[in-house]
Amino acid sequence: MQFAAMDVNRRAQGDALELCGFGPIESDYRVISTGPHWRLREYADAHASGRPSVLIVPAPIKRPYIWDLAPSVSAVRHCLGHRFRVYLLEWTPASDDVQSIGVGEYAKDAISECVARVTDETQGRAPFLVGHSLGGTLAAIFCAIEQSVRGLVLLGAPLCFAPASSPFRDELLSLFTQIPPETKIVPGSLLSQVSALASPDTFLWARLKATAFSLFDPPAFEINARIERWLLDEVPLPGRLVAEIVQFLYREDRFCRGALPIGGRTVGPSTVRTPILAIVNSADAIAPLGAVKPFLDAAPADETRIIEFPGERGIGIQHLAFLAGPWVYAHIWPEIFSWLEARD
């Protein structure tokens, strides 16, 4: 109850930031399909007919507008500008109706339904999947189950959770022992607090430092203020989903070990055949190279590629630089588009 109340308080702080002009400036979209814990967005673009499509899979933590913060830092707008048809799987906040759903319902059921709908909308052309953080992890799990997309782009998505694979993983497990089975809904603030304790450099000190330096750089200040608004927009998650992420992925590393049970199957690197492009930020404590490369090395996909960059100056949380960093949009996203276009 304490953390649920904290969710309300943090969202109120975020609303105050939005009133000051630091809310998201999202692109126009329409909802074309819904499920018990998700909605499928289609973004408007009159010139995209006949073009390849991307289906964005955000992390289930927080709201999806980190993909579309403002015109200058928007993965959605960049994809539209390169004449891709853009779809986004929006996870809706947990409620009593969906309190017992887990990784399988997110990675298999929801993504499968959205891929099928996008394929139908685009006259049978399968989309590319693009996922960030745990959204990328869920997208990779889907690709280990089904071979129905053209390619997978992972942005800071951890795939390996062995000890020492990332500093964040080790500290998180020392704090987050187990989700009690009676926990039906996990407040977003609980995850935010645990994350901050697991990596205070990432979630506290780097943010404060970036904010201080951006006081003399108005564009950087605006980006960081919009990120802060997003960070305060807490979303509750199903208790079973959080429990399975902590236990099956972070603690037992079942996905990378090829021992993750999903929908009556056991999946891992050996069941992935989809071409994969992984973008890794070497300054990111959550999904460094060691949390990505061992999985790709073990995957029999026809093509896997890793692009590593040294971080984004001026962004407080390096894990968000993939979606909110001007330098990344100027230098990394062109490589992503080249990779996608080569497989169209």
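This briefing describes the sheet, some helix packing and the internal spaces of one protein structure. The model is a predicted one, and its description begins with an open sheet of eight strands that has mixed pairing. Helices α4 and α14 pack against strands of the sheet, while α1 and α6 cross at roughly 90°. The largest pocket holds about 660 Å³ of space, the second largest pocket about 560 Å³, and the largest cavity about 50 Å³.

**The sheet**

- Strands of a sheet pair through backbone hydrogen bonds, in either a parallel or an antiparallel sense.
- Read across the sheet, the strands follow the order β1-β2-β6-β3-β7-β8-β13-β14.
- The edges are formed by β1 (29–35) and β14 (304–309), and because each has a single partner strand, one side of each is left without a neighbour in the sheet.
- From one strand to the next, the twist averages 20°.
- At one end of this order, β1 and β2 (residues 38–43) pair in the antiparallel sense over six bridges, and serine 33 stands opposite leucine 40 in β2.

**Helices on the sheet**

- Helix α4 (residues 134–145) lies across β3 (53–57), β6 (85–91), β7 (128–132) and β8 (152–155), and runs at about 145° to β7.
- Helix α14 (residues 333–342) also packs on the sheet, where it touches β3, β7, β8, β13 (276–281) and β14, and its direction makes about 165° with that of β8.

**A pair of crossing helices**

- Two packed helices are described by the angle between their axes and by the distance between those axes.
- The axes of α1 (residues 2–22) and α6 come within 7 Å and cross at roughly 90°, which means that α1 is roughly perpendicular to α6.
- On the α1 side the contact is made by Phe3, Met6, Asp7 and Arg10, and on the α6 side by Gly188, Ser189, Leu190, Ser192 and Gln193.
- Sorted by class, the residues in this contact are three nonpolar, four polar and two charged.

**The largest pocket**

- This pocket, with about 660 Å³ of space, is lined by 34 residues, and those closest to its centre are Ile61, Phe168, Leu191, Ser195 and Phe203.
- The elements that give two or more residues to its lining are α5 (167–175), α6 (188–198), α7 (200–214), α8 (218–231) and α9 (239–251).
- Among the elements, α6 gives the most to this lining, with five residues.
- The lining has 24 nonpolar residues, together with six polar and four charged ones.

**The second largest pocket**

- In the second largest pocket, 22 residues form the lining, and Ala210, Glu312, Arg313, Gly314 and Ile315 lie nearest its centre.
- Helices α7 and α8 each supply at least two residues of this lining, and α7 gives the most, with seven residues.
- By class, the lining of this pocket has 11 nonpolar, five polar and six charged residues.

**The cavity**

- The count comes to one cavity of 30 Å³ or more, and the largest cavity holds about 50 Å³ of space.
- Its lining is made by Arg207, Ala210, Thr211, Asn224, Ile227, Glu228, Leu231, Gly316 and Ile317.
- Both α7 and α8 supply at least two residues of this lining, with the largest share, four residues, coming from α8.
- The classes in the cavity lining are four nonpolar, three polar and two charged residues.

How values were computed
Residues numbered from 1 in each chain as written. Predicted model: local features only at pLDDT ≥ 70, side-chain atom pairs only at ≥ 80, totals over all residues. Heavy atoms only, no water. 1 Å grid on protein atoms, 1.4 Å probe; cavity = no way out; pocket = protein on both sides within 12 Å on 5 of 7 lines; lining within 4 Å. Points joined across faces, edges and corners; volume = space filled by probe spheres on them. Nonpolar A, V, L, I, M, F, W, Y, C, P; charged D, E, K, R; others polar. Axes fitted to C-alpha atoms, helices over the stretch in contact; angles between N-to-C directions. Parallel < 35°, antiparallel > 145°, perpendicular 65-115°, else oblique. Contact = heavy atoms within 4.5 Å. Pairing = 2+ DSSP bridges.
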